[in-house]
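Let's take a relaxed look at how two helices sit together, and then at one residue in a strand. Have the structure open while you read.

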Amino acid sequence: MPGEAPLVTIGLPVRNGAATIGAVAESVLAQKYGDLEFLISDNASTDDTEAVCRDLMRADSRVRYQRNPENVGVLNNFMATMRAGRGTYFRWISDADRLEPQYVDRCLDALAADPRVILVTTGMAYLTQDGQVTSEQYTGTGLGSDDPADRVAEMLRLLTSSYRQLDPLYGMMRRERVLAIARRNMLREDEVFAVKLALAGPWAHVGEVLAMREWRAGNTNAMARLLSVPAWQARFANTLQTAELLRVVREAQVTPEQRRRMRADVYRLYVRGQRIELARRSRKLMRLALRGTRG
(Lines give C-alpha, C1' and ligand atoms only; values in the text may rest on other atoms or scores of the structure.)
Protein backbone atom coordinates (compact mmCIF):
# COMPACT_ATOMS: atom_id res chain seq x y z
CA MET A 1 0.00 0.00 0.00
CA PRO A 2 1.32 3.48 -0.81
CA GLY A 3 1.93 6.01 1.96
CA GLU A 4 2.27 5.38 5.65
CA ALA A 5 1.28 1.87 6.70
CA PRO A 6 -1.77 1.87 9.04
CA LEU A 7 -1.74 -0.17 12.22
CA VAL A 8 -3.87 -3.33 12.11
CA THR A 9 -5.24 -5.00 15.23
CA ILE A 10 -6.02 -8.71 15.25
CA GLY A 11 -8.10 -9.22 18.40
CA LEU A 12 -8.58 -12.52 20.21
CA PRO A 13 -11.37 -12.61 22.84
CA VAL A 14 -10.77 -15.82 24.77
CA ARG A 15 -11.62 -17.78 27.90
CA ASN A 16 -9.66 -20.90 28.86
CA GLY A 17 -7.75 -21.14 25.59
CA ALA A 18 -4.32 -22.09 26.90
CA ALA A 19 -4.11 -25.18 24.69
CA THR A 20 -4.83 -23.37 21.42
CA ILE A 21 -3.62 -19.77 21.73
CA GLY A 22 -0.07 -20.60 20.68
CA ALA A 23 -1.11 -21.87 17.24
CA VAL A 24 -3.40 -18.85 16.69
CA ALA A 25 -0.60 -16.47 17.66
CA GLU A 26 1.79 -18.21 15.29
CA SER A 27 -0.49 -17.61 12.29
CA VAL A 28 -1.17 -13.98 13.26
CA LEU A 29 2.45 -13.09 13.89
CA ALA A 30 3.49 -14.76 10.62
CA GLN A 31 1.65 -12.09 8.59
CA LYS A 32 3.74 -10.53 5.84
CA TYR A 33 2.30 -7.15 6.80
CA GLY A 34 4.50 -5.60 9.46
CA ASP A 35 2.54 -2.87 11.28
CA LEU A 36 0.37 -5.18 13.34
CA GLU A 37 -0.65 -5.83 16.94
CA PHE A 38 -2.07 -9.06 18.30
CA LEU A 39 -4.39 -8.16 21.18
CA ILE A 40 -5.63 -10.91 23.51
CA SER A 41 -8.56 -10.16 25.83
CA ASP A 42 -8.74 -12.84 28.50
CA ASN A 43 -12.21 -13.24 29.99
CA ALA A 44 -11.15 -14.35 33.50
CA SER A 45 -9.71 -17.68 32.38
CA THR A 46 -9.25 -20.37 35.02
CA ASP A 47 -6.61 -22.37 33.12
CA ASP A 48 -3.07 -21.36 32.09
CA THR A 49 -4.20 -18.78 29.51
CA GLU A 50 -2.59 -15.87 31.35
CA ALA A 51 0.79 -17.60 31.64
CA VAL A 52 0.75 -18.55 27.96
CA CYS A 53 -0.11 -14.98 26.93
CA ARG A 54 2.60 -13.43 29.08
CA ASP A 55 5.13 -15.78 27.52
CA LEU A 56 3.94 -14.63 24.09
CA MET A 57 4.36 -10.98 25.10
CA ARG A 58 7.91 -11.59 26.23
CA ALA A 59 8.71 -13.31 22.93
CA ASP A 60 7.15 -10.72 20.59
CA SER A 61 6.51 -7.01 21.24
CA ARG A 62 3.52 -7.04 18.89
CA VAL A 63 1.52 -9.09 21.41
CA ARG A 64 -0.67 -7.22 23.92
CA TYR A 65 -2.61 -8.86 26.73
CA GLN A 66 -5.47 -7.69 28.93
CA ARG A 67 -7.45 -9.66 31.48
CA ASN A 68 -10.95 -9.16 32.84
CA PRO A 69 -10.97 -9.73 36.62
CA GLU A 70 -14.32 -11.50 36.26
CA ASN A 71 -16.26 -13.18 33.47
CA VAL A 72 -18.05 -10.36 31.61
CA GLY A 73 -19.74 -12.61 29.05
CA VAL A 74 -18.93 -13.46 25.45
CA LEU A 75 -20.29 -10.33 23.77
CA ASN A 76 -18.83 -7.90 26.29
CA ASN A 77 -15.40 -9.49 25.88
CA PHE A 78 -15.66 -9.23 22.10
CA MET A 79 -16.45 -5.53 22.38
CA ALA A 80 -13.74 -4.97 25.00
CA THR A 81 -11.25 -6.42 22.52
CA MET A 82 -12.28 -4.01 19.79
CA ARG A 83 -12.35 -1.00 22.13
CA ALA A 84 -8.83 -1.73 23.35
CA GLY A 85 -7.45 -2.10 19.83
CA ARG A 86 -5.19 0.67 18.61
CA GLY A 87 -5.40 -0.14 14.92
CA THR A 88 -7.12 1.78 12.17
CA TYR A 89 -8.30 -1.61 10.98
CA PHE A 90 -9.47 -4.51 13.12
CA ARG A 91 -10.27 -8.20 12.82
CA TRP A 92 -11.56 -10.61 15.44
CA ILE A 93 -10.09 -14.10 15.54
CA SER A 94 -11.11 -17.09 17.65
CA ASP A 95 -8.87 -19.45 19.56
CA ALA A 96 -9.25 -22.13 16.88
CA ASP A 97 -8.66 -19.98 13.77
CA ARG A 98 -5.75 -19.60 11.39
CA LEU A 99 -4.79 -16.87 8.91
CA GLU A 100 -2.73 -17.20 5.74
CA PRO A 101 0.44 -15.01 5.79
CA GLN A 102 -0.94 -12.69 3.10
CA TYR A 103 -4.34 -12.21 4.78
CA VAL A 104 -3.79 -8.66 6.06
CA ASP A 105 -2.14 -7.48 2.85
CA ARG A 106 -5.02 -8.68 0.68
CA CYS A 107 -7.65 -7.08 2.91
CA LEU A 108 -5.84 -3.74 3.11
CA ASP A 109 -5.49 -3.68 -0.67
CA ALA A 110 -9.29 -4.01 -0.96
CA LEU A 111 -9.89 -1.29 1.63
CA ALA A 112 -7.44 1.08 -0.07
CA ALA A 113 -9.06 0.47 -3.46
CA ASP A 114 -12.50 1.70 -2.32
CA PRO A 115 -12.92 4.24 0.50
CA ARG A 116 -16.66 3.42 0.69
CA VAL A 117 -15.90 -0.05 2.01
CA ILE A 118 -16.19 -0.59 5.78
CA LEU A 119 -15.56 -4.33 5.80
CA VAL A 120 -13.63 -6.88 3.74
CA THR A 121 -14.55 -10.56 3.82
CA THR A 122 -12.46 -13.33 2.29
CA GLY A 123 -12.78 -16.91 1.24
CA MET A 124 -12.77 -19.16 4.30
CA ALA A 125 -11.96 -22.83 4.84
CA TYR A 126 -13.83 -24.65 7.60
CA LEU A 127 -12.63 -27.62 9.59
CA THR A 128 -15.75 -29.61 10.42
CA GLN A 129 -16.32 -31.81 13.44
CA ASP A 130 -15.65 -34.94 11.41
CA GLY A 131 -12.20 -33.66 10.40
CA GLN A 132 -13.09 -32.55 6.87
CA VAL A 133 -11.95 -29.21 5.40
CA THR A 134 -14.60 -27.51 3.31
CA SER A 135 -15.20 -24.12 1.69
CA GLU A 136 -17.60 -22.48 -0.73
CA GLN A 137 -17.04 -19.60 -3.12
CA TYR A 138 -19.09 -16.42 -2.72
CA THR A 139 -19.96 -14.71 -6.01
CA GLY A 140 -22.62 -12.21 -4.96
CA THR A 141 -22.38 -8.46 -5.52
CA GLY A 142 -25.22 -7.06 -3.39
CA LEU A 143 -23.05 -6.30 -0.37
CA GLY A 144 -21.01 -3.84 -2.42
CA SER A 145 -24.07 -1.81 -3.42
CA ASP A 146 -24.50 1.85 -2.50
CA ASP A 147 -28.14 1.04 -1.64
CA PRO A 148 -28.45 -0.17 1.98
CA ALA A 149 -31.63 -2.07 1.14
CA ASP A 150 -29.73 -4.10 -1.45
CA ARG A 151 -27.02 -4.89 1.08
CA VAL A 152 -29.51 -5.92 3.76
CA ALA A 153 -31.41 -8.11 1.28
CA GLU A 154 -28.20 -9.92 0.36
CA MET A 155 -27.19 -10.40 4.00
CA LEU A 156 -30.61 -11.77 4.91
CA ARG A 157 -30.37 -14.15 1.95
CA LEU A 158 -27.01 -15.37 3.19
CA LEU A 159 -28.45 -16.11 6.63
CA THR A 160 -30.41 -18.98 5.09
CA SER A 161 -27.62 -20.05 2.71
CA SER A 162 -24.48 -22.02 3.45
CA TYR A 163 -22.33 -20.64 6.28
CA ARG A 164 -19.29 -21.42 4.16
CA GLN A 165 -19.74 -18.51 1.73
CA LEU A 166 -18.54 -15.65 3.97
CA ASP A 167 -18.45 -14.58 7.59
CA PRO A 168 -18.65 -10.81 8.22
CA LEU A 169 -17.86 -11.15 11.92
CA TYR A 170 -14.43 -12.43 10.95
CA GLY A 171 -13.62 -9.87 8.29
CA MET A 172 -11.27 -6.88 8.29
CA MET A 173 -13.11 -3.76 9.48
CA ARG A 174 -12.61 -0.03 9.73
CA ARG A 175 -12.49 -0.12 13.51
CA GLU A 176 -14.04 3.26 14.39
CA ARG A 177 -16.96 2.76 12.00
CA VAL A 178 -17.82 -0.64 13.41
CA LEU A 179 -17.18 0.30 17.04
CA ALA A 180 -19.97 2.88 16.77
CA ILE A 181 -22.56 0.16 16.03
CA ALA A 182 -24.65 -0.67 19.12
CA ARG A 183 -24.99 -4.32 20.09
CA ARG A 184 -27.15 -6.18 22.59
CA ASN A 185 -26.78 -9.61 24.17
CA MET A 186 -29.34 -12.02 22.72
CA LEU A 187 -29.60 -15.25 20.78
CA ARG A 188 -28.63 -14.86 17.12
CA GLU A 189 -27.05 -11.51 17.93
CA ASP A 190 -24.27 -12.31 15.47
CA GLU A 191 -26.83 -12.44 12.65
CA VAL A 192 -28.45 -9.18 13.76
CA PHE A 193 -25.00 -7.58 13.94
CA ALA A 194 -24.25 -8.79 10.41
CA VAL A 195 -27.36 -6.96 9.18
CA LYS A 196 -26.27 -3.82 11.05
CA LEU A 197 -22.89 -4.07 9.32
CA ALA A 198 -24.66 -4.30 5.97
CA LEU A 199 -26.62 -1.16 6.83
CA ALA A 200 -23.45 0.69 7.87
CA GLY A 201 -21.78 0.65 4.47
CA PRO A 202 -20.63 -1.36 1.43
CA TRP A 203 -18.41 -4.41 1.76
CA ALA A 204 -15.71 -5.88 -0.44
CA HIS A 205 -14.93 -9.57 -0.84
CA VAL A 206 -11.64 -11.27 -1.66
CA GLY A 207 -12.42 -14.65 -3.16
CA GLU A 208 -9.08 -16.20 -2.23
CA VAL A 209 -9.24 -18.56 0.77
CA LEU A 210 -7.16 -16.70 3.34
CA ALA A 211 -8.38 -18.04 6.68
CA MET A 212 -9.53 -21.22 8.37
CA ARG A 213 -12.08 -21.66 11.14
CA GLU A 214 -13.32 -24.65 13.08
CA TRP A 215 -17.02 -25.22 12.57
CA ARG A 216 -18.58 -26.02 15.93
CA ALA A 217 -22.26 -26.84 15.59
CA GLY A 218 -24.30 -26.15 18.71
CA ASN A 219 -27.96 -26.11 19.67
CA THR A 220 -29.90 -23.04 20.71
CA ASN A 221 -30.16 -24.09 24.36
CA ALA A 222 -26.38 -24.44 24.65
CA MET A 223 -25.92 -21.03 23.03
CA ALA A 224 -28.36 -19.47 25.50
CA ARG A 225 -26.27 -20.82 28.38
CA LEU A 226 -23.06 -19.55 26.79
CA LEU A 227 -24.52 -16.06 26.36
CA SER A 228 -26.19 -16.11 29.81
CA VAL A 229 -29.60 -15.26 28.38
CA PRO A 230 -32.86 -16.72 29.79
CA ALA A 231 -33.50 -20.29 28.68
CA TRP A 232 -37.01 -19.47 27.46
CA GLN A 233 -35.52 -17.35 24.67
CA ALA A 234 -34.30 -20.52 22.97
CA ARG A 235 -37.90 -21.45 22.11
CA PHE A 236 -38.62 -18.06 20.58
CA ALA A 237 -35.25 -17.28 18.97
CA ASN A 238 -36.73 -16.74 15.50
CA THR A 239 -39.46 -14.40 16.77
CA LEU A 240 -37.04 -12.43 18.96
CA GLN A 241 -34.56 -12.10 16.11
CA THR A 242 -37.30 -10.84 13.79
CA ALA A 243 -38.47 -8.25 16.33
CA GLU A 244 -34.91 -6.99 16.75
CA LEU A 245 -34.33 -6.80 13.01
CA LEU A 246 -37.56 -4.87 12.54
CA ARG A 247 -36.40 -2.43 15.22
CA VAL A 248 -33.08 -2.00 13.42
CA VAL A 249 -34.91 -1.31 10.15
CA ARG A 250 -37.28 1.11 11.84
CA GLU A 251 -34.40 3.15 13.26
CA ALA A 252 -32.24 3.08 10.12
CA GLN A 253 -31.51 6.34 8.29
CA VAL A 254 -33.04 5.26 4.97
CA THR A 255 -35.81 6.35 2.61
CA PRO A 256 -39.41 5.10 3.13
CA GLU A 257 -39.07 2.88 0.05
CA GLN A 258 -35.83 1.35 1.30
CA ARG A 259 -37.45 0.77 4.69
CA ARG A 260 -40.42 -0.97 3.06
CA ARG A 261 -38.13 -3.27 1.08
CA MET A 262 -36.04 -4.17 4.12
CA ARG A 263 -39.10 -4.83 6.26
CA ALA A 264 -40.48 -7.21 3.61
CA ASP A 265 -37.15 -9.06 3.48
CA VAL A 266 -37.14 -9.44 7.28
CA TYR A 267 -40.63 -10.94 7.21
CA ARG A 268 -39.53 -13.38 4.50
CA LEU A 269 -36.62 -14.43 6.72
CA TYR A 270 -39.07 -14.98 9.58
CA VAL A 271 -41.30 -17.21 7.47
CA ARG A 272 -38.33 -19.29 6.32
CA GLY A 273 -37.18 -19.60 9.92
CA GLN A 274 -40.62 -20.77 11.07
CA ARG A 275 -40.69 -23.41 8.35
CA ILE A 276 -37.26 -24.69 9.37
CA GLU A 277 -38.29 -24.81 13.02
CA LEU A 278 -41.54 -26.62 12.19
CA ALA A 279 -39.64 -29.20 10.14
CA ARG A 280 -37.15 -29.69 12.98
CA ARG A 281 -39.91 -30.23 15.53
CA SER A 282 -41.72 -32.62 13.18
CA ARG A 283 -38.56 -34.71 12.82
CA LYS A 284 -38.13 -34.76 16.59
CA LEU A 285 -41.73 -35.90 17.12
CA MET A 286 -41.28 -38.60 14.48
CA ARG A 287 -38.17 -39.93 16.23
CA LEU A 288 -40.03 -40.00 19.56
CA ALA A 289 -42.96 -41.80 17.95
CA LEU A 290 -40.67 -44.42 16.41
CA ARG A 291 -39.00 -45.03 19.75
CA GLY A 292 -42.42 -45.50 21.33
CA THR A 293 -43.47 -48.11 18.79
CA ARG A 294 -40.19 -49.99 19.20
CA GLY A 295 -40.55 -49.94 22.96
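Here is a short tour of a helix pair and a buried arginine.

This is a predicted model, where local features need pLDDT of at least 70, side-chain atom pairs count only at pLDDT 80 or more, and totals for chains, interfaces and linings use all residues. Residues are numbered from 1 along each chain as its sequence is written, and side-chain values use heavy atoms, with hydrogens and water left out.

Helices (H or I, at least four residues) and strands (E, at least two) are DSSP runs, numbered from the N terminus. Meet the pair:

| Helix | Residues | Residues in the contact |
|---|---|---|
| α7 | 189–200 | Glu191, Val192, Val195, Lys196 and Leu199 |
| α9 | 237–251 | Gln241, Glu244, Leu245, Arg247 and Val248 |

Contact here means heavy atoms within 4.5 Å. The axes of α7 and α9 are 10 Å apart, at an angle of about 20°, so the two helices are roughly parallel (angles under 35 degrees). Sorted by type, the residues where α7 meets α9 come out as 5 nonpolar, 1 polar and 4 charged.

Now for α9 alone. Its 15 residues reach 21 Å from first C-alpha to last, close to the 21 Å expected at 1.5 Å a residue. Several α9 residues are buried (under 20% relative accessible area), among them Gln241, Glu244, Leu245 and Val248.

Finally, is Arg213 of strand β9 (residues 203–214) buried or exposed? Arg213 has 12% relative accessibility, so it counts as buried. Leaving out residues up to four places away in sequence, Arg213 touches Ser94, Asp97, Met124, Ala125, Tyr126, Leu127, Asp167 and Tyr170.

Conventions
Axes fitted to C-alpha atoms, helices over the stretch in contact; angles between N-to-C directions. Parallel < 35°, antiparallel > 145°, perpendicular 65-115°, else oblique. Nonpolar A, V, L, I, M, F, W, Y, C, P; charged D, E, K, R; others polar. Buried < 20%, exposed > 50% of the residue type's maximum accessible area, 1.4 Å probe, protein only. Expected span 1.5 Å × (residues − 1).
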